Amino acid sequence: MPATAAGEDAADAAARGTANELGLAFYGRTPVDSLEHGGDRRLLDLLVAWDPDE
(Lines give C-alpha, C1' and ligand atoms only; values in the text may rest on other atoms or scores of the structure.)
Protein backbone atom coordinates (compact mmCIF):
# COMPACT_ATOMS: atom_id res chain seq x y z
CA MET A 1 0.00 0.00 0.00
CA PRO A 2 1.48 3.41 -0.93
CA ALA A 3 2.40 5.65 2.00
CA THR A 4 -0.18 8.27 1.00
CA ALA A 5 -2.94 5.66 0.99
CA ALA A 6 -1.89 4.52 4.46
CA GLY A 7 -2.26 8.08 5.76
CA GLU A 8 1.48 8.64 6.11
CA ASP A 9 3.65 11.29 4.49
CA ALA A 10 5.26 10.44 1.16
CA ALA A 11 9.04 10.47 0.82
CA ASP A 12 10.65 13.81 -0.06
CA ALA A 13 13.32 12.17 -2.24
CA ALA A 14 14.02 8.77 -3.73
CA ALA A 15 16.88 7.07 -5.56
CA ARG A 16 16.58 3.85 -7.49
CA GLY A 17 19.23 1.48 -8.77
CA THR A 18 20.81 -1.86 -8.01
CA ALA A 19 22.42 -2.32 -4.61
CA ASN A 20 25.79 -2.00 -6.30
CA GLU A 21 24.81 1.25 -8.06
CA LEU A 22 23.42 2.75 -4.84
CA GLY A 23 26.50 1.75 -2.86
CA LEU A 24 28.87 3.22 -5.41
CA ALA A 25 26.90 6.46 -5.63
CA PHE A 26 26.62 6.97 -1.88
CA TYR A 27 30.31 6.24 -1.37
CA GLY A 28 31.18 8.83 -4.01
CA ARG A 29 32.51 6.33 -6.57
CA THR A 30 29.95 7.21 -9.27
CA PRO A 31 27.78 10.31 -9.70
CA VAL A 32 24.31 10.32 -8.13
CA ASP A 33 23.03 11.41 -11.54
CA SER A 34 23.68 7.86 -12.75
CA LEU A 35 20.76 6.73 -10.55
CA GLU A 36 17.09 7.12 -11.31
CA HIS A 37 15.98 9.73 -8.79
CA GLY A 38 12.96 11.83 -7.97
CA GLY A 39 11.82 14.39 -5.47
CA ASP A 40 14.08 16.92 -3.81
CA ARG A 41 17.56 16.35 -5.27
CA ARG A 42 19.14 18.49 -2.52
CA LEU A 43 18.26 15.79 0.03
CA LEU A 44 20.18 13.18 -1.96
CA ASP A 45 23.15 15.55 -2.17
CA LEU A 46 23.04 15.99 1.62
CA LEU A 47 22.94 12.23 2.11
CA VAL A 48 25.95 11.73 -0.16
CA ALA A 49 27.87 14.48 1.68
CA TRP A 50 26.95 13.12 5.14
CA ASP A 51 29.87 11.83 7.21
CA PRO A 52 28.60 9.64 10.07
CA ASP A 53 31.88 10.14 11.94
CA GLU A 54 31.33 13.88 12.34
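Is Leu22 buried, partly exposed or exposed, and what is its relative accessibility? I began my notes with this residue, keeping in mind that I am reading a predicted model.

**Entry 1: Leu22**

I looked up the accessibility of Leu22 and found 24%, so I have written the residue down as partly exposed, because burial would require a value under 20%. Leu22 belongs to helix α1, which runs over residues 19–26. When I set aside residues up to four places away in sequence, I found that Leu22 touches Ala15, Arg16, Gly17 and Leu35. I also looked at Val32, which is 10 residues from Leu22 in sequence, and the C-alpha atoms of the two are 8.3 Å apart in space.

**Entry 2: the chain as a whole**

I then stepped back to the protein chain, where I counted two helices and two strands, and I read their order from the N terminus as β-α-β-α. The chain has 54 residues, of which buried ones make up 7%. I noted an exposed area of about 4,400 Å² for the chain, with carbon and sulfur atoms supplying 52% of it. Taking the contacts with a separation of 6 or more, I found that 27% of them join residues 24 or more positions apart.

**Entry 3: confidence**

I checked how confident the predictor is, and the chain averages a pLDDT of 84, with 85% of the residues scoring at least 70. Among the elements, helix α1 has the highest mean pLDDT, at 92, whereas helix α2, residues 41–49, has the lowest, at 89.

**Entry 4: Gly38**

Next I turned to Gly38, which I located in strand β2, made up of residues 36–39. Its relative accessibility is 31%, and I therefore recorded Gly38 as partly exposed. Leaving out residues up to four places away in sequence, I found Gly38 touching Ala13 and Ala14. For Ala11 I noted a C-alpha to C-alpha distance of 9.7 Å from Gly38, although 27 residues separate the two in sequence.

**Entry 5: charged pairs**

How many salt bridges does the structure hold? I found three, and before going through them I reminded myself that side chains of opposite charge can pair when their charged atoms come close.

I looked first at Asp33 and Arg41, which form a salt bridge whose closest N and O atoms are 2.3 Å apart. Asp33 counts as exposed because its relative accessibility is 53%, while Arg41, with a relative accessible area of 28%, is partly exposed.

I then looked at Asp45, whose side chain meets that of Arg41 in a salt bridge with an N to O distance of 2.9 Å. Both Asp45 and Arg41 lie in helix α2, four residues apart, which is about one turn of the helix. I have Asp45 down as partly exposed, because its relative accessible area is 34%. Which residues are joined into one network by salt bridges that share partners? I traced the network through Asp33, Arg41 and Asp45.

I came last to Arg42 and Asp40, which form a salt bridge with their closest N and O atoms 3.2 Å apart. Arg42 has a relative accessibility of 62% and so counts as exposed, whereas Asp40, with a relative accessible area of 24%, is partly exposed.

Notes:
Residues are numbered from 1 along each chain as its sequence is written. This is a predicted model: local features need pLDDT of at least 70, side-chain atom pairs count only at pLDDT 80 or more; totals for chains, interfaces and linings use all residues. Side-chain values use heavy atoms; hydrogens and water are left out. Buried means under 20% relative accessible area, exposed over 50%, partly exposed in between (1.4 Å probe, protein chains only). Contact means heavy atoms within 4.5 Å. Accessible areas come from the Shrake-Rupley method with a 1.4 Å probe; for residues, only the protein chains shown count as cover. pLDDT is the predictor's confidence in each residue, from 0 to 100. A salt bridge is a side-chain nitrogen of Lys or Arg within 4 Å of a carboxyl oxygen of Asp or Glu.
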